[in-house]
Amino acid sequence: MMELVVDGRHVLGEGIIWDDKGARLFWTDIEGSELWSHAPATGALQRWPLPERLCSMALTHDDGRLLLGLASGLAFFDLASGELDRICDVEAHLPTTRLNDGRTDRQGRFVFGVFNQAENPKDPIGGFYRLNHDLSLERLPLGGVAIANSICFSPDGRTMYYADSGTREIRCCDYDPDTGAIANLREFAAADAAPGDPDGSTIDADGYLWSTRWGAGQVVRFAPDGAVDRVLTLPAPQPTCPAFGGPGLDVLYVTSATVGLQAGQLADAPKSGGVFAKLLPVKGLAEVKFAGRRR
């Protein structure tokens, strides 16, 4: 069972990453429009209010500066001053979509997808995108998506994983680490491979994928061939995003959410909305920093 480390009571905790240099976690409460950080060694906790919802993020090569995937677009954020440096809007022509899951590829480009906020059933009208080193934005040839999630990359950068949570399937494709070209789209883990819906994912040093399972209170480790290898449970039914951290990159941290839970469900799972952790006999990979800068 995973243990609670931050009792955040977040409506929609998400997007967790480990800052190895600062020895701290960053994550977001999307619906609270807040960036959070926690240093496990000292217990220090910080949060920054933002002018709109924050959905995902990446470290950069500039200390104290993050790349933010805000609901309406991308921006750099200075932690000390709180200043936002807007890069671009995303899907401004689609009023019901906002940004969702995102992660850097092995070359430091930011790959992300969107979420259709329309009532269910949600149509796959959004896309997956990549912010390149020169800050140009391109849509990836992965088809339409309603709830983009599970974006992560194999240790060698040659396989990209992704999902539309509504289909409950995790997919993958060949990904050229130099050019970013995409080919051979295929199923990685079938819709019935594990309970719950696939939310965020991360890859460990052995190339295994750790998938948070929304609605099931689980984190499932999939082998490179898509077989279920290991299952962790946590006392919250809606885990959202995993990240390896700690000095040895051997602690798995997981965010969670309370959104949509009824009073009885919250009473049964009062730690929902918190950040959880578990020391593991496997190691993760350091977060790749976004390599783009203003010219």
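## Pockets, a buried arginine and salt bridges

Asp-174 is partly exposed, its relative accessible area being 30%. Welcome to this structure, which is a predicted model. Asp-174 is a good place to start, as it forms a salt bridge with Arg-186, and a search of the whole structure finds 20 salt bridges. The points below begin with that pair, go on to other salt bridges, and then turn to a buried arginine and two pockets.

**The pair we started with**

- In the salt bridge between Asp-174 and Arg-186, the closest N and O atoms are 3.1 Å apart.
- Asp-174 belongs to strand S16 (residues 169–175) and Arg-186 to strand S17 (residues 182–189), so their bridge ties together parts that are 12 residues apart in sequence.
- Arg-186, like its partner, is partly exposed: its relative accessibility is 26%, while Asp-174 has a relative accessible area of 30%.

**Other salt bridges to look for**

- Arg-53 and Glu-31 form a salt bridge in which the closest N and O atoms are 3.9 Å apart.
- Both of these residues sit in loops: Arg-53 is between strand S5 (44–49) and strand S6 (54–59), and Glu-31 is between S3 and strand S4 (34–39), so the pair joins parts that are 22 residues apart in sequence.
- Arg-53 is partly exposed at a relative accessible area of 23%, and Glu-31 is partly exposed at 38%.
- Asp-85 and Arg-65 also meet through their side chains, in a salt bridge of 3.3 Å from N to O.
- This bridge links distant parts of the chain, with Asp-85 in strand S9 (residues 84–89) and Arg-65 in strand S7, 20 residues apart.
- Asp-85 is partly exposed, with 26% relative accessible area, and Arg-65 is partly exposed as well, with 22%.
- Elsewhere, a network of salt bridges links Asp-204, Asp-206, Arg-221 and Asp-229.

**Arg-103, a buried arginine**

- Arg-103 is found in strand S10.
- Its relative accessibility is 10%, so Arg-103 counts as buried.
- The side chain of Arg-103 has a polar contact with the side chain of Glu-287 at 3.0 Å.
- That side chain of Arg-103 also reaches the backbone oxygen of Ser-201, at 3.0 Å.
- Beyond its neighbours within four places in sequence, Arg-103 is in contact with several residues, including Phe-110, Val-111, Ile-151, Phe-153, Cys-241 and Pro-242.

**The largest pocket**

- The volume of the largest pocket is about 540 Å³.
- Its lining is made up of 23 residues, and those nearest the centre are Arg-98, Phe-115, Lys-122, Ile-147 and Trp-214.
- Strand S10 (97–104) and strand S18 (197–203) are the elements that give two or more residues to this lining.
- S18 provides the largest share of the lining, three residues.
- By character, the lining of the largest pocket divides into eight nonpolar, seven polar and eight charged residues.

**The second largest pocket**

- The second largest pocket holds about 150 Å³ of space.
- It is lined by 14 residues, with Asp-19, Arg-24, Asp-62, Asp-63 and Gly-64 nearest its centre.
- The elements that give two or more residues to this lining are strand S3 (24–29) and strand S7 (65–70).
- The lining of the second largest pocket consists of four nonpolar, three polar and seven charged residues.

Notes. Residues are numbered from 1 along each chain as its sequence is written. This is a predicted model: local features need pLDDT of at least 70, side-chain atom pairs count only at pLDDT 80 or more; totals for chains, interfaces and linings use all residues. Side-chain values use heavy atoms; hydrogens and water are left out. On a 1 Å grid over the protein atoms alone, a cavity is a set of points where a 1.4 Å probe fits but cannot get out, and a pocket is an open set with protein on both sides within 12 Å along at least five of seven lines; lining residues have an atom within 4 Å of a point. Grid points are joined across faces, edges and corners, and a volume is the space filled by probe spheres set on the points. Helices (H or I, at least four residues) and strands (E, at least two) are DSSP runs, numbered from the N terminus. Ala, Val, Leu, Ile, Met, Phe, Trp, Tyr, Cys and Pro count as nonpolar, Asp, Glu, Lys and Arg as charged, and the others, Gly among them, as polar. Buried means under 20% relative accessible area, exposed over 50%, partly exposed in between (1.4 Å probe, protein chains only). A polar contact is a pair of N or O atoms within 3.5 Å; within protein, one must be able to donate a hydrogen and the other to accept it, and residues adjacent in sequence count only if both atoms are side-chain atoms. Contact means heavy atoms within 4.5 Å. A salt bridge is a side-chain nitrogen of Lys or Arg within 4 Å of a carboxyl oxygen of Asp or Glu.
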